[in-house]
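Here is a quick tour for anyone who works at the bench and wants to get a feel for a model before using it. Have the viewer open and follow along.

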Amino acid sequence: MTIPKGFAARHIGPNDQEIDEMLKNIGSESIMQLMDEVVPQLIRLPQPLGLPEAISEHEYLKHIREVATQNKLFRTYIGMGYYGTITPSPILRNLFENPGWYTQYTPYQAEISQGRLESLLNFQTMVIDLTGLEVANASLLDEATAAAEAMIMLFHAREAADKDRVKFFVSEKLFPQNIDVLRTRATPLGIELVIGDHHTEQMDESFLGAILQYPDGDGLAEDYSPWIAEAHARGVRVVIVADLLSLTLLKAPGELGADVCVGSAQRFGVPPGFGGPHAAFFAAKEDYKRQMPGRIIGVSIDAKGNHAYRMSLQTREQHIKREKATSNICTAQALLANMAAMFAVYHGPDGLKEIARDIHHQACWLADQLTQLGYAQVNEYFFDTLKVSHGSNEPGIHEEVKEIAQKDGINFRYFDGGAIGIALDETVSKDDLKKIVDVFREASADQVHGKEKEVVSRIPSSLVRTSSYLTHPVFNSHRSETQLMRYMKWLENKDLSLNTSMISLGSCTMKLNAASEMIPVSFPEFSQLHPFVPEEQSAGYRQIISDLEEMLCRITGFTACSLQPNSGAQGEYAGLMVIRAYHIDRGDSHRNITLIPASAHGTNPASAVMAGMKVVVVKSDEEGNVDINDLKLRAEEHRNDLAALMITYPSTHGIYEEQVKQICDIVHANGGLVYMDGANMNAQVGLTNPATIGADVCHLNLHKTFAIPHGGGGPGMGPICVNDKLADYLPSHPVVKTGGKKGIPAVAAAPWGSASILLISYGYLRMLGEEGALLSTQLAILNANYIKARLQKHFAILYQGKSGRCAHEMIVDMREFKKHGIEVEDIAKRLMDYGFHAPTVSFPVPGTMMIEPTESEDKGELDRFCDALISIRHEIQEVADGVADKADNVLKNAPHTAAEVTANEWLHPYSREKAAYPLPFVRHQKFWASVARINNTYGDRNLICTCPPIESYMEAGVTAP
């Protein structure tokens, strides 16, 4: 076959000659023959997708610049959780735009993830210090979902005696998108939201918790401590949604008595991006450390006693807890959390406080000027946001201000009732302030120029922060760009990412994230746009959104799409909530049973529980397929209350199930709908699609199939596509019109989720086009079957299709080596010595590895990976034959660090060369794990989730740059 010239030839790893060699190796005459052997004919597409013709990288960048000019960058003071910020150039260049950071995976293999783990620990330390609470996680998806996670955590953390507490008070002064997401999450769980004025609401023993915004949605800064004390006296736990930058000046939520604090770290150097992605934060009292959603980075020790970082308390992770989960959080916003952490590292406590003081000073000055023009400042106390009423001016002045402001290229927030909101940020200059005043002067009956007065702080004395924060040396040592650049590079060098070698994680699709796809994300017209600007100012984004929705609908065979869910798990949840809304609208609110195959990803049952469903597990047969007989039994048993089936296709066992259409028909015949998990869409595009298979809704992982990078654990995007039945129920939004006619409330803070990274998937499809998209799927399948052909002589392959083929991934069974004392973890750690990240370990079958190479890897890299695993198989055999010691061998001691290999003393029975350079290719580009194998038990027993004191570095003999 011939790979077409252009972007497809850059994206797809193997060249024409390598493709022919691989086909010969696996015994197929052509790609088409292989596809016929792998994909059931019953579900093959009869015609092409109808995607736009491919364009070159140069043409695409020219096109996307033209589209960008359709967005209009007004000076925007809307606020509402999104603000202008200045991303320091070294962070933009060396972190955000650096594949060494953005192509990393979630740090499950901690020994080769120490850099981002340290940075995420910095993020947690920053959040703990600023919020005044005791534990924090390593980020969540956005402020609104973080608020919902806090509510749900408190709901599930109730004592047995408090199970009748089902009411949750929500201040009406929360941002509207926060309220809407709370409403979405509360309803299916039976939580009763009471939305109102916290000054007048009387909470009794029926309330489990309450949530307040700080400063509130109008900008008012209020001392909540008396109110919180009274709530606690009634057994009510309190969540504060805080502006993180304001906490450099305002008293910490922990000092006010809050039990939980959430919010967004967007102001810490992360551009608005038309809604995202941004890192949310979540901090709580220590009592909740085992109930907190998301990931917690902790400090442990390695095999040599040196301190090392890891993800702590991993049994908390929701995809492990499955239907017992209290959250479905799987991914987070690691890349953006790292940006925010570096912003704090670069500026330090004094720099952050200076930024906040300048913003507050500007707000106070502006308030004085507008008051002199006859306007009234509604907020007596504030940090950065004014709420201005007409005062002595005409009541209708609201519209006049709006007209003048728009003419001058300025956006304010316009409240119902005539007030105007003005939220300032660190990008505001003196000229900007003068232009704001000019707008209000032109609209005012009083044309006098305000007198300069001494600016007086509008933060009440009771709220002035006196406690210290960010005292750790990491926040006080990197003021020059040289220092910061070297610190970021020092961390980057500890981590294995796609610019090091292949990352063959099954079910994760670690494909190329091409530079031409990534570049437009940094364009100011895309990165600096506020998500709530008037529609005419976002025409470029809306074109991208419309075109991408259409392409995704063509790929899935569905008729409508929502781009709002900002992770795969959020897509699962949104899909199920849409199904739930459909049943309720038809008078079938009793339909609440979701059938889930035993092989499903753990977030599936977690999402179902969150959507108010009851989970019924369907067995798998010996070949790894859904057990049809058991499915029939379960579907018929629950025919009166069946809501849905959740199915992944190809299955998580790496095969195309021949009976998938029959599976869907059984569910439909019993009144249910079919939700398809799009985790394995990389094996569908152009060959088959969910609609053809019989599904009603699917979510798509844009961070897998459609080239958005994983970022070390986020960002991601999980849009859903639906058929005609479900189109009316797609998620809506309280600020910007979107979604279906009967749309469910919002599932994310922004109307189109993490909108700025939609550009990546848009570029991916525009540059690949119809032919390239199909070839990508075909080559992903070829690469997987080539690995299978090479490995099956040495390892047992657990499942395969009727023709003996796999789909785009396979499961390699390592359980037989347990009798020799070798665990699958030993193999995973030994792969690090060969320069590779381990495949997915013990999912979906314990003691196995799931391998997914993607289409982006060339034959040479595939061979190196196979050579490494085959060499490890020989090392296992040495243990089995007694040639190698059962306890002191290269597998049990892996990974081997440079410090260990170069030490004066070497006590192992094998050579240093065998430890460090087991195959010739390893010498060419050696990647060293920066720590030895990490002690997981120690880290959980001694939970430390903030930066360790500087003395611990000294004790370990480590010097940071």
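The notes below go from the whole chain down to single strands and charged pairs.

## How far to trust it

Keep in mind that this is a predicted model. The protein chain averages a pLDDT of 94, and 96% of the residues score at least 70. One stretch to treat separately is residues 953-961, where the pLDDT is below 50. In the model, that stretch still has 15 contacts beyond near neighbours in sequence.

## The overall picture

You're looking at 32 helices and 26 strands in the protein chain. The C-alpha trace spans about 90 × 70 × 65 Å along its principal axes. For 961 residues, a compact globule would have a radius of gyration near 30 Å, and the 28 Å of the protein chain agrees with that.

Buried residues account for 65% of the 961 in the chain. Take the contacts between residues at least 6 apart in sequence: 77% of these join residues at least 24 apart. As for the outside, the accessible surface comes to about 32,900 Å², with 48% of it belonging to carbon and sulfur atoms.

## A four-stranded open sheet

Now find the open sheet that runs in the order β11-β12-β15-β14, with antiparallel pairing. β11 (376-377) and β14 (413-414) are the edge strands; each has a single partner strand, so one side of each is left without a neighbour in the sheet.

The partner of β14 is β15 (residues 420-423), and two bridges hold this antiparallel pair. To see how they line up, look for Arg413, which stands opposite Gly421 in β15.

## Strand β26 and its partners

Strand β26 (residues 848-851) is worth a closer look. In a regular strand, side chains alternate between the two faces of the sheet. In β26 both faces are covered: Thr848 and Met850 are buried on one side, and Met849 and Ile851 are buried on the other.

Which strands pair with β26? Strand β24 (residues 810-813) runs antiparallel to β26 and is joined to it by four bridges, while strand β25 (residues 840-841) pairs with β26 over two bridges, also in the antiparallel sense. Met849 is a handy landmark here, since Val812 stands opposite Met849, and Val841 stands opposite Met849 as well. β25 and β26 make a hairpin with six residues between them, and Ser842 in the turn has a positive phi of about 60°.

## Charged pairs

The structure holds 40 salt bridges. A few are easy to pick out. Asp813 forms one with Arg815, with the closest N and O atoms 2.9 Å apart. Asp813 is buried, at 12% relative accessible area, whereas Arg815 is partly exposed at 41%. Elsewhere, salt bridges that share partners tie Glu21, Arg790, Lys859, Asp863 and Asp867 into one network.

The side chains of Arg634 and Asp630 meet in another salt bridge (3.4 Å, N to O). Why is this pairing easy to follow along helix α22? Arg634 and Asp630 are four residues apart in helix α22 (residues 628-637), so about one helical turn separates them. Arg634 counts as partly exposed at 23% relative accessibility, but Asp630 is buried at 6%. Then there's Asp162 with Arg165, whose side chains meet at 3.5 Å, N to O. Here Asp162 is the partly exposed partner, at 27%, and Arg165 counts as buried, at 11%.

How values were computed:
Residues are numbered from 1 along each chain as its sequence is written. This is a predicted model: local features need pLDDT of at least 70, side-chain atom pairs count only at pLDDT 80 or more; totals for chains, interfaces and linings use all residues. Side-chain values use heavy atoms; hydrogens and water are left out. pLDDT is the predictor's confidence in each residue, from 0 to 100. Contact means heavy atoms within 4.5 Å. Two strands pair if DSSP finds at least two bridges between them. Buried means under 20% relative accessible area, exposed over 50%, partly exposed in between (1.4 Å probe, protein chains only). The radius of gyration is taken over C-alpha atoms; the globule rule is 2.2 Å times the number of residues to the power 0.38. Accessible areas come from the Shrake-Rupley method with a 1.4 Å probe; for residues, only the protein chains shown count as cover. A salt bridge is a side-chain nitrogen of Lys or Arg within 4 Å of a carboxyl oxygen of Asp or Glu.
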